[in-house]
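Colleague: Got a minute to go through this model with me? I'd like to start with the open space and then look at a few side chains.

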Amino acid sequence: MGMAKEHFVLVHGEGHGAWCWFKLRWLLEGSGYRVTCIDLAGGGVDPTDPNTVGSFKQYDKPLIDLISTLPEGEKVILVGHGAGGLSVIHAMHEFVDRISQAFFVAATMLPFGFQTDEDKNDGLPTLPENEIELTLGEAAGDPPTTVALRPEFQRERLSQQSPEEESVLASMLMRPWPATAISTASFEGDDERLNRVKRIFIKTERDHMLDPEQQDSMIKKWPPSEVLVIDTDHSPFLSAPEQLFNLIVKSL
């Protein structure tokens, strides 16, 4: 299990923030690990209006800034959830030698982001129009600036196995996410270079947000070092934090 001195950086998915990791952070820190939970632009308590986040580079800037200021020689373990997987991939392209391991928890795992419609079919949730609220751009025909899950659908999509009171708390903290910034995330680089980082995918079997079939497709197209399976909803950090913790630390 190592020397228990590793530094974890936990990266939230769409609509979430650093807050969603509170149970996993507590478990990791209780075992001696260092943990940093970040808010991406417009997420959590970050003051940015998500409607003003127009590019993935802007959205992901807090993570890139964090890694760029690490002490010389320090490596981190990245853990991404949902669209946080794109942030992990972005960081791998930018700082491949600063990342010792990358965990994808029901997360978008595409080596170059969204290059094709097929990539989007694999890596983006498919949500019916009646379940979402869109904030439209200023000009007619502009794509929506943000998307939000309607509160009455959040538990069923994200956390149907979690304690109900935690779903209520999550609904109070969820924010719209910058739809265009996330759906246009794309990266240039060399997948052989990326493969220098050990990748572990944690598949969520009862996921109603990123279907298991979508997760399987990404795994098949870019096989990680290891695939672990957890019999939970999309949010194992709420519904099964001890299980998630054990899967992670056993893979170090």
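Colleague: Which element gives the most to the lining of the largest pocket?

Modeller: That's α8, with four residues. Helices here are DSSP runs of H or I with at least four residues, strands are E runs of at least two, and both are numbered from the N terminus. Keep in mind that this is a predicted model, where local features need pLDDT of at least 70 and side-chain atom pairs 80 or more, while totals for chains, interfaces and linings use all residues. Residues are numbered from 1 along each chain as its sequence is written, and side-chain values use heavy atoms, without hydrogens or water.

Colleague: Which other elements give two or more residues to that lining?

Modeller: Besides α8, there are α5 (117-123) and β5 (132-135). The lining has 17 residues, and those nearest the pocket's centre are L124, P125, V147, A179 and S183.

Colleague: What volume does the largest pocket have?

Modeller: About 420 Å³, taken as the space filled by probe spheres set on grid points joined across faces, edges and corners. On a 1 Å grid over the protein atoms alone, a pocket is an open set of points with protein on both sides within 12 Å along at least five of seven lines; in a cavity a 1.4 Å probe fits but cannot get out, and lining residues have an atom within 4 Å of a point.

Colleague: How many cavities of 30 Å³ or more are there?

Modeller: Three. The largest cavity is about 60 Å³, and the second largest holds about 40 Å³.

Colleague: What lines the largest cavity?

Modeller: You'll find H16, Q154, R155, L158, S159, S167, A170, S171, M174, S235 and L238 around it. Two or more of its lining residues come from each of α6 (151-158) and α7 (164-173).

Colleague: And which residues line the second largest cavity?

Modeller: H16 turns up in this lining, just as it does in that of the largest cavity. The others are H12, G15, G42, G43, Y59, R175, P176, W177 and P178.

Colleague: Let's switch to aromatics. How many aromatic pairs does the whole structure have?

Modeller: Four. Rings of Phe, Tyr and Trp (its six-membered ring) pair if their centres lie within 6.5 Å, with planes under 30 degrees apart called stacked, over 60 edge-to-face and the rest tilted. F56 and Y59 have ring centres 5.8 Å apart and planes at 55°, so they make a tilted pair. Both sit in helix α2 (residues 56-59), three residues or about one turn apart.

Colleague: Which kind of pair do F56 and F187 make?

Modeller: Edge-to-face, because the planes are at 65°, with the centres 5.7 Å apart. This pair links distant parts of the chain, 131 residues apart: F56 is in helix α2 and F187 in the loop between α8 (179-183) and α9 (191-194). Together, F56, Y59 and F187 form one aromatic cluster.

Colleague: Are F56 and F187 buried or exposed?

Modeller: Both are buried, meaning under 20% relative accessible area with a 1.4 Å probe and protein chains only. F56 and Y59 are likewise both buried.

Colleague: Last stop, helix α12 (residues 241-250): which of its residues are buried?

Modeller: P241, L244, F245, I248 and V249. They share one side of α12, because they cover an arc of only 120° around the axis, judged by the directions from the helix axis to the C-beta atoms.

Terms used:
Buried means under 20% relative accessible area, exposed over 50%, partly exposed in between (1.4 Å probe, protein chains only).
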